[in-house]
Amino acid sequence: MRALRRGWLRFRAHRAAVAAGLLVAVLAIAAAFAPLVAPADPLAQPDPVALQNQPPSAAHLLGTDRFSRDVLSRIVYGARVSLGVGAAAALLAVTVGALVGLAAGLASPAVDQLLMRSVDVALALPRVFLILLVLALWENAPPWVVVLLIALTGWFQTSRVVRALVLRLRESEFVQAARALGSGRPGLVRRHLLPHLAPTIIVSATLDVGNIILLESGLSYLGLGIRPPAPSWGNMIQDGKDQLFSAPWVAAAPGLALLVTVVAFNLFGDGLQAAFDPRDRR
Amino acid sequence: MLTYLLRRLALALATTAAVVTITFALVHLAPGEPFVAGAEDRFVPPETVARLRERFGLDRPLGVQFARYAANLAHGDLGESFARHRPVAAVLAESLPNTLLLGATALVLSLLFGIGLGIAQATRAGTWADSALGALALACYSVPAFWLGLMLLLVFGEWLHWLPVSGMADVTLRVPMDGLRHALDVGRHLVLPALTLALVNGAAVARFHRAAMIEALGADFVRAARARGLGERRVVLRHALRSALAPAITLAGLSVPALLTGSVLVESVFGWPGMGRVAYEAIFARDYNVITAVAVVAGVLVAVGNLLADLGVAAADPRVRRA
Amino acid sequence: MSDPRAPGGAPPSAAGEAGPLPGAPLLEIADLRVAFASEGGVARAVDGVDLAVHGGETVGLVGESGCGKSVTALAILRLVEHPGLIAHGSRVRFEGRDLLALAERDIRAVRGNHLALIPQEPAAALNPVLTVGSQIAEVIRAHQHVTRAVAAWRAVELLTSVGIPDAEKRAGQYAHQLSGGMRQRVLIAIALACGPHLLIADEPTTALDVTIQAEILELLDGLQRRLGMAVLLITHNLALVAERTRRVYVMYAGQIVEEAPTGALFAAPAHPYTQGLMAAVPRADRPAERLAAIPGQVPPATAWPSGCRFHPRCPFAWEKCREEMPPLLPAGEGRSARCWLLAERQGPDAKTPSPQGASGGR
């Protein structure tokens, strides 16, 4: 755990990354307490005729959309989708990737080869195309399907990184010593490997969240991710596209929210990586 | 080199086979059918549906269908589009060149943008300019491509009226255009979608290239080049850049899938008549043969991208040519 | 025919006589100071070096690694990189001009032209992705108005003149396709490309096999005699200095601690550090004990000792050595050393100190 502490001290030195981490925390809290934070009901349509496509004002800080819904409130609720899908899919993907990587690294060479060659092929699959296909065929797929699809197509890189690390650790002295002392495989993994893998896995997950948020927003933009009327930043941009020239704020605001959120996750992840994992990865 | 090429080819074949199989299975096992009797919006009599099913072989067992499809594919026959009533090959022949034009332009631009940004940052490493450019790269790296496209559209198309907002050619002008005019018109339509993809993709290149350039600029041979009285421009652009180019080229080759993905979204934003749009429409129409064909083409493009990257690296770095 | 330059104005070296050559020196360094700022403090890597090289002569600059000799070489070419800084007040006069005061493009015209460097590590100093021929040709084109074709032809000619067989083919190859000795020959060809008046050779043979070392040194010798250029030979290898140089500067902890004609220095080293170095040279008649004669290590450049920088390792050090830094004191004809012992014995016939243990290491 001293490694974690040293990493934390190094991380603190990256001021931008610390700020990004705080921003991520603020976003997460805002999403969790959306009903308290949002000024209005994200689905309420107070007056679809008189109040539609209102520019930003004191009453509606980010204006209203074509159904007179408050854009800011929809963004706050949309954060639940983006952060929720991002975090859940990243956790799931990293877990699967770490397990496969551990298995490959500890298994016999034949199994290892089989797993890794499969990963080679899987990495070359047109990921987004396959996700689109399943979502289009599975009409009205619930959000957990989106999470599952993203996770199941997103663990390949992590498994490679973890496997490489396991192979290196396996040859290291302390693992050899633990083996000599008769440590069984589960004990070996829990006590000796996981603590060393943890930083890599955490960094991997953090950097994944940003990409997954972008992916989910793209799916929702195409009408295949989170479906209206539930607000997600991607389907809000789709909504705003039709009035892009007359009411640009409707599409601009959720996109800015996406940009800021993804920048925050990437900065945070970069900082973690620099702190915990000063060399390689990639 | 030969064994290496064979390995690459084997991987490409395995991948394409996997894509075809997965796609075929997904499409055919999913609930729903391309020809639906009695749907509210398009009523088709049941006998017609039966005839269509028979014509396209959909009444056969799935194994037979797959074997037939694979056999046809091996002969280069991609089948017929249900929705368009045309050979799939013709549909692709129409749309694929447009996607390739967009993708290749975007790839070249993203390399220029990414490498340029990487050089600009690395030569100023640690200064405020490096940080500012790094922030720009991070923003481009973190922006959703489709939204960036919309914003560029808004600014350059609607507000400034510099560039056309949609399509690939000006269809309102019915004046016959000669070749050069037509090319210029397509070029004007190409600017925004290609720029959108290039900014997003180039940012990833820049993040890598900055690190590679910083390493190269610190190398002994760069200092030795300075000691020979070479100008700074030559030292940076010839000595450091040439040796740092390999990772950028690799990354560009590996970014082909990302470009294809991006083109689905960006083509939809800009109304660019490419393969991304064809794929999108085919998925919703359950146009099986088109869907599978797009998957095959995507697999081939990805493999070609990897191969080009390897060749590019070999051209840039004589040390890897031995392998 | 393959003489890479027309003979310059420099007189050919007539090694043998010990005294300084007449006339203004080709290179004259005065009070050169280079500092590196780091988290551990300020490292004064070069701290007040004075040094002169006359036309045609070969001068040695010796010292252990970390003493500042390579930084001195870079500072002469004004190639000290961030976070290093050359202090104001330092002067590097070459052919009558202060290199440190030149505009960037003017110093560029000097580098690789009349003042050339053979860098350390031939493996790292050649660009791995450019052919060696193109790396020679580009130096020629940087300094002379010749066409690409002429430069390429001259590159092949230079490769021949440094003893590379089948030069035409070699010119089209890359560094990884050449042997270590071959790479060093290429670097020599690059350095000679524009007919330098002064060649700075930084450990030119350290990375090479012993047999190839001798070949490279022969080559350098021959070229120097033919071209009449001066050479500043930077090395930790005393045997090399003894064989090849006319005068020697000994460097320790960022300072020159002794300067003397080569013969005199080896006959009777004046500074305890020089004595230690010589005792540490492995010889055939006794087993090699690395630096057995000098206890301790070179101190870090961020924390030079007070007083004489050698005092913690010096067998003769006393109170004064710890408190006050000695200046370079005259130590006989044409020589000087930075040691208080000389002040003690100041007289018409200053003797070198020779207490017991100084020639130790047995």
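1. Start with helix α12 of chain B, residues 288-316. At 1.5 Å a residue, its 29 residues should span 42 Å, and the end C-alpha atoms are indeed 42 Å apart, so the two agree. (The expected span is 1.5 Å times one less than the number of residues; helices are DSSP runs of H or I with at least four residues, strands are runs of E with at least two, and both are numbered from the N terminus.) α12(B) is mostly covered, with 21 of the 29 residues buried. Buried here means under 20% relative accessible area, exposed means over 50%, and partly exposed is in between, using a 1.4 Å probe on protein chains only.

2. A word on what you're looking at: this is a predicted model, where local features need pLDDT of at least 70, side-chain atom pairs count only at pLDDT 80 or more, and totals for chains, interfaces and linings use all residues. Residues are numbered from 1 along each chain as its sequence is written, chains are lettered from A and ligands numbered from 1 in the order in which they are written, and side-chain values use heavy atoms, with hydrogens and water left out.

3. Now the interface of chain A and chain B. Here 37 residues of chain A are in contact with 43 residues of chain B, contact meaning heavy atoms within 4.5 Å. The two chains bury about 3600 Å² between them, 80% of it on carbon and sulfur atoms. (Buried area is the accessible area, with a 1.4 Å probe, that two parts lose on being put together, summed over both.) A:Phe129, A:Leu137 and A:Phe245 supply 19% of the area that chain A buries against chain B, more than any other three residues.

4. What about polar links between A and B? The count is 1 salt bridge, that is, a side-chain nitrogen of Lys or Arg within 4 Å of a carboxyl oxygen of Asp or Glu. B:Arg207 and A:Asp270 meet in a salt bridge at 3.1 Å, N to O. There are also 6 residue pairs in polar contact, both residues at pLDDT 80 or more. (A polar contact is a pair of N or O atoms within 3.5 Å; within protein, one must be able to donate a hydrogen and the other to accept it, and residues adjacent in sequence count only if both atoms are side-chain atoms.) On the side of chain A that touches chain B, two or more residues come from each of α5 (109-123), α6 (127-137), α10 (185-221), α11 (233-241) and α12 (249-276) of chain A. α12(A) gives the most, with 11 residues. By class, that side has 28 nonpolar, 4 polar and 5 charged residues; Ala, Val, Leu, Ile, Met, Phe, Trp, Tyr, Cys and Pro count as nonpolar, Asp, Glu, Lys and Arg as charged, and the others, Gly among them, as polar.

5. Chain B also meets chain C. There, 27 residues of chain C are in contact with 22 residues of chain B, and the pair bury about 2200 Å² between them, 59% of it on carbon and sulfur atoms. C:Val129, C:Glu138 and C:His176 supply 27% of the area that chain C buries against chain B, more than any other three residues.

6. How many salt bridges does the rule find across the interface of chain C and chain B? It finds 3. C:Glu138 forms a salt bridge with B:Arg238, the closest N and O atoms being 2.9 Å apart. The rule also finds 11 residue pairs in polar contact, both at pLDDT 80 or more. α3 (122-125), α4 (132-143) and α7 (180-192) of chain C are the elements giving two or more residues to this side, and the largest share, 6 residues, comes from α4(C). By class, the side of chain C that touches chain B has 16 nonpolar, 6 polar and 5 charged residues.

7. Chain C itself has 13 helices and 13 strands, and buried residues make up 54% of its 362 residues. Helix α1 (residues 69-76) of chain C is mostly covered, with 7 of its 8 residues buried, including C:Lys69 and C:Thr72. C:Arg78, with a positive phi near 55 degrees, follows α1(C).

8. Two threonines to click on. B:Thr99, in helix α4 (residues 88-122) of chain B, counts as buried because its relative accessibility is 5%. Its side chain joins that of B:Glu267 in a polar contact of 2.8 Å. C:Thr58 sits in strand β3 (residues 58-62) of chain C and is buried, with a relative accessible area of 8%. The side chains of C:Thr58 and C:Gln224 are joined by a polar contact of 2.6 Å.
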